[in-house]
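Reader: Hello! I am new to this one, so could you take me slowly through its charged pairs and then show me what surrounds them?

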Amino acid sequence: ETAKRAKVGSWEYNLDNNKEIYISNITKKICVIDPKSKVTYQDFLNLFTEESKNEIRKCFKRLIELNENFDKEFLIQTINSKNKWIRCIGQSERDSNDKCVKISGSIQDINKQKQNEIEIAKKNNYLSALTDIITELLQSNNWYESLNNVFKIAGKTINVDRVYYFEIHNHPKTNAPSCSQKIEWTQDHIEPEIENPMWQNVPL
């Protein structure tokens, strides 16, 4: 009952049986698995997102070969395509020759806690970036240079590919209201458009 309230389930894999892995009903509920279904080792691995799958494989390998226990956070993807954070603990059982015969451990649903941590970290990151931007604007004597630095701070903080600035002006030939791109920041892998004539003297 305590484990249920704490959202902690168990798992167990006997290396002599290289197909099925035992996972408790609480673990199945956490991972959104049919409580009546049997789960293979590969099914279990497929629960993890690609990055987490590579990490859990490494953990299993070190656990089996080197007897290195682990206690890590992983991201899984449930059958309804929702990502969920879990805490997975693993340990091994070994025979008299120090050969691993079984690995087992627990899985805890930490999604709510992890989402709160991520949200707090994001807000702190935004506040830090805002402080840097205000400092940059107050201390610099060069407006365009400041905007370049501000765009870099903002772009990296909110994780976008491109930040740009357009100025409104009169078209040099027709005198009609127009705008032109004057400043641009891009991530390293993005091709800049600052020299693109398409974004110069654009009619409004």
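**The charged pairs and their surroundings**

Author: Happily! Glu 55, Arg 62, Glu 68 and Lys 72 are linked in a network of salt bridges, a salt bridge being a side-chain nitrogen of Lys or Arg within 4 Å of a carboxyl oxygen of Asp or Glu. Before going on, please keep in mind that this is a predicted model, in which local features need pLDDT of at least 70 and side-chain atom pairs count only at pLDDT 80 or more, while totals for chains, interfaces and linings use all residues. Residues are numbered from 1 along each chain as its sequence is written, and side-chain values use heavy atoms, with hydrogens and water left out.

Side chains of opposite charge can pair when their charged atoms come close. The structure holds 11 salt bridges. Within the network, one of the links is between the side chains of Glu 55 and Arg 62, at 3.9 Å from N to O. Glu 55 has 28% relative accessibility, so it counts as partly exposed; buried means under 20% relative accessible area, exposed over 50%, and partly exposed in between, using a 1.4 Å probe and protein chains only. Arg 62 is partly exposed too, because its relative accessible area is 30%.

Another pair is Glu 65 with Lys 61, whose closest N and O atoms are 2.9 Å apart. Both residues lie in helix H4 (residues 50-66), four residues apart, which is about one turn of the helix. Helices (H or I, at least four residues) and strands (E, at least two) are DSSP runs, numbered from the N terminus. Lys 61 is partly exposed, with a relative accessible area of 48%.

Now follow a pair that reaches across the chain. The side chains of Glu 73 and Lys 114 meet in a salt bridge, 2.6 Å from N to O. This pair links distant parts of the chain, with Glu 73 in strand E4 (residues 70-77) and Lys 114 in helix H5 (residues 111-139), 41 residues apart. Glu 73 is partly exposed at 36% relative accessible area, whereas Lys 114 is buried at 16%.

Lys 114 leads us to helix H5. The buried residues there are Asn 111, Lys 114, Ala 129 and Ile 133. These buried residues pack against E4, strand E5 (83-94), strand E6 (100-109) and H6. As for the length of H5, its 29 residues should span 42 Å at 1.5 Å a residue, and the end C-alpha atoms are 42 Å apart, so the two values agree. The expected span of a helix is 1.5 Å times one less than its number of residues.

From H5 we can step to helix H6 (residues 143-158), where Lys 156 has its place. Lys 156 is partly exposed, at 48% relative accessibility. Not counting residues up to four places away in sequence, Lys 156 touches Trp 185 and Gln 187, contact meaning heavy atoms within 4.5 Å. Lys 156 and Thr 186 are 30 residues apart in sequence, and their C-alpha atoms are 9.3 Å apart in space.

Thr 186 brings us to strand E8 (residues 177-186), which also holds Ser 180. Ser 180 counts as buried because its relative accessibility is 2%. Leaving aside neighbours within four places in sequence, Ser 180 is in contact with Tyr 165, Phe 166, Glu 167, His 169, Trp 199, Gln 200 and Asn 201.

What about links between cysteines? A search of the whole structure finds zero disulfides, a disulfide being a pair of cysteine sulfur atoms within 2.5 Å. The sulfur of Cys 59 is 7.9 Å from the closest cysteine sulfur, that of Cys 88, so the two are too far apart for a bond. Cys 59 is buried at 2% relative accessible area, and Cys 88 counts as buried at 0% relative accessibility.

Last, a look at the strands. Strand E1 (residues 8-14) and E2 run antiparallel and are joined by two bridges; two strands pair if DSSP finds at least two bridges between them. E1 and E2 form a hairpin with five residues between them, and Glu 12 has Tyr 22 in E2 as its bridge partner. E2 also pairs with strand E3 (residues 39-40) in the antiparallel sense over two bridges, with Glu 20 standing opposite Thr 40 in E3. Side chains alternate along strand E2 (residues 20-23): Ile 21 and Ile 23 point to one face and are buried, while Glu 20 and Tyr 22 point to the other and are not.
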